[in-house]
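This report looks at how aromatic rings, charged side chains and one loop residue are placed in the structure shown below.

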Amino acid sequence: MLKKKIAEFGEEYCFEELENGLKVYVFSKPDFNTTYAAFGTPFGALDIKEIYGSKVYEFNAGVAHFLEHKLFENESVGVIEDFSKLGALVNAFTSYTETVYYFSLGNRKEVLKALNMLLDFVEDLKIDEDKVEKEKPIIIEELAMYAQMPETRLLNGAFRAMYHNFPLKYDIGGDASSVSKITLDELFKAYELNYHPANMTLVVFTPLDSTTIFDTIRQNQAKKSFSKADKIQKYDYKEPKSVKDRYVLEKMDIKTNKGLYGLKMDFSKYDLKTLIKYETGMRFILQLLFSQLNPNYQKWLDERIINYYFGYDVNLDEDFSYMLFYGEGIRAQELKALIDQEFKEAKLDRTKFERLKRRFIGSCFQEMGDVENFVLSFIKGVLNDVDYFEEIKIVMDFSYEDLLDTFKLIDFENYTLFDLEPKIA
């Protein structure tokens with residue numbers, strides 16, 4: 001068991017990689033009453049092709065989400081009911097890059113029991129053909145419900161327009177066609193590859209001492225048998241730099257049209273720390289140019305060019321990088337003209353940047369006090385090879401000169417325009 005102190009943040013945790021490869025992080029906080037535990041795998045919606053050994057395994061879109069459903073709703077265990085009897089709240093989520101199962105519990109006496117339950121239900125997939133077939137219409141109905149939400153339709157439609165091959169073009173849950181094709185064997189194979197302890201991480205934030213927690217986890221894992229695991233390698237989808245569709249128009253039952261302007265960028269040559277640095281810079285740039293920090297923002301609102309639905313997002317990754325802008329009551333081409341003009345005339349204010357940076361660092365310290373968000377952020381970081389505290393340090397060291405360098409990297413060449421318009425009765 002290795003103890004690590006992060007002096008800058010007044011934090012410390014204990015870490016151990018067990019014999020079966022499970023990575024465990026424990027934050028022992030005697031003054032806290034509630035325990036939070038998160039157990040996750042870096043298997044998400046993007047992992048529909050994986051290289052294991054010399055073989056490529058291919059799954060239908062939505063398989064990670066399907067597995068979460070079947071593990072979390074394991075009929076033979078009664079997950080929700082069993083945790084509720086302890087006074088614990090249990091939940092799970094699947095994202096593009098990970099699947100995480102977690103609980104919170106205020107009763108110290110039941111922590112070890114709840115921890116064993118978390119490990120046991122996630123490490124025990126019990127499904128058969130009948131249960132798989134019964135689950136399909138439930139998931140398809142869920143996807144249909146989300147498809148009726150304009151925001152989901154706008155984002156998913158934009159990604160389909162931007163990407164030729166990369167699985168970001170699929171919804172996290174897949175679609176009706178892909179879900180209907182998922183098989184029992186496919187689920188077991190995806191589970192076997194990605195839910196091996198060597199691919200998983202457990203984070204525990206608790207008032208109990210670390211030794212007690214580690215002893216419980218070791219004993220739990222020692223009772224189970226796991227085959228030897230090879231490292232899963234990423235599959236190269238050979239995604240072109242260009243967008244698939246320059247312009248897409250779709251109609252649905254909405255009252256006001258919505259537009260999206262998406263930039264598809266290539267940051268594949270940068271290492272992880274550099275990607276974090278540049279994404280940090282781009283988020284600062286977007287706040288400086290497209291929030292109340294920019295006097296033009298209030299002008300756009302007053303002139304009803306945009307409303308409070310207007311927003312943006314950015315993600316930089318070695319496999320996929322994008323910047324998105326969306327608005328309501330404005331067409332995508334008009335939105336593009338507004339955004340491009342603002343970038344063209346941009347003057348990045350040093351004083352406002354320093355204020356933003358201080359605000360961001362403050363929010364990071366504030367998040368550490370929101371234990372559930374902290375635990376989930378920490379495990380998502382670990383699962384994606386990002387050290388939570390190192391990421392904050394990168395932001396703390398980020399300079400105004402770094403901001404100017406980042407600005408030069410925004411690529412406007414490959415873009416998608418997506419309009420979502422009301423159906424005409």
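## Rings, charges and a buried loop residue

In this predicted model, Arg246 lies over the face of Tyr415, at 4.0 Å from the ring centre. A like arrangement is found for Lys258, whose charged end sits over the ring of Tyr309 at 4.1 Å from the centre of that ring. The table lists both placements.

| Charged residue | Ring | Distance to ring centre |
|---|---|---|
| Arg246 | Tyr415 | 4.0 Å |
| Lys258 | Tyr309 | 4.1 Å |

Rings also pair with one another, and a search of the whole structure finds 52 aromatic pairs. One of these is formed by Phe83 and Phe103, a tilted pair with 5.7 Å from centre to centre and 40 degrees between the planes. This pair links distant parts of the chain, since Phe83 belongs to helix 2 (residues 79-85) and Phe103 to strand 8 (residues 99-105), 20 residues apart. Both Phe83 and Phe103 are buried. Elsewhere, ring pairs join a set of residues into a cluster, among them Phe9, Tyr13, Phe15, Tyr25, Phe205, Phe365 and Tyr388.

Turning to the loop residue, Asn20 is located between strand 2 (11-17) and strand 3 (23-28). Is Asn20 buried or exposed? Asn20 counts as buried because its relative accessibility is 17%, which is under the 20% cut-off. The side chain of Asn20 reaches the backbone nitrogen of Leu22 at 3.0 Å. When residues up to four places away in sequence are not counted, Asn20 touches His196, Pro197, Ala198, Gln221 and Phe226.

Key:
Residues are numbered from 1 along each chain as its sequence is written. This is a predicted model: local features need pLDDT of at least 70, side-chain atom pairs count only at pLDDT 80 or more; totals for chains, interfaces and linings use all residues. Side-chain values use heavy atoms; hydrogens and water are left out. Rings of Phe, Tyr and Trp (its six-membered ring) pair if their centres lie within 6.5 Å; planes under 30 degrees apart count as stacked, over 60 as edge-to-face and the rest as tilted. Helices (H or I, at least four residues) and strands (E, at least two) are DSSP runs, numbered from the N terminus. Buried means under 20% relative accessible area, exposed over 50%, partly exposed in between (1.4 Å probe, protein chains only). A charge sits over a ring if NZ of Lys or CZ of Arg is within 6 Å of the ring centre and within 35 degrees of the ring normal. A polar contact is a pair of N or O atoms within 3.5 Å; within protein, one must be able to donate a hydrogen and the other to accept it, and residues adjacent in sequence count only if both atoms are side-chain atoms. Contact means heavy atoms within 4.5 Å.
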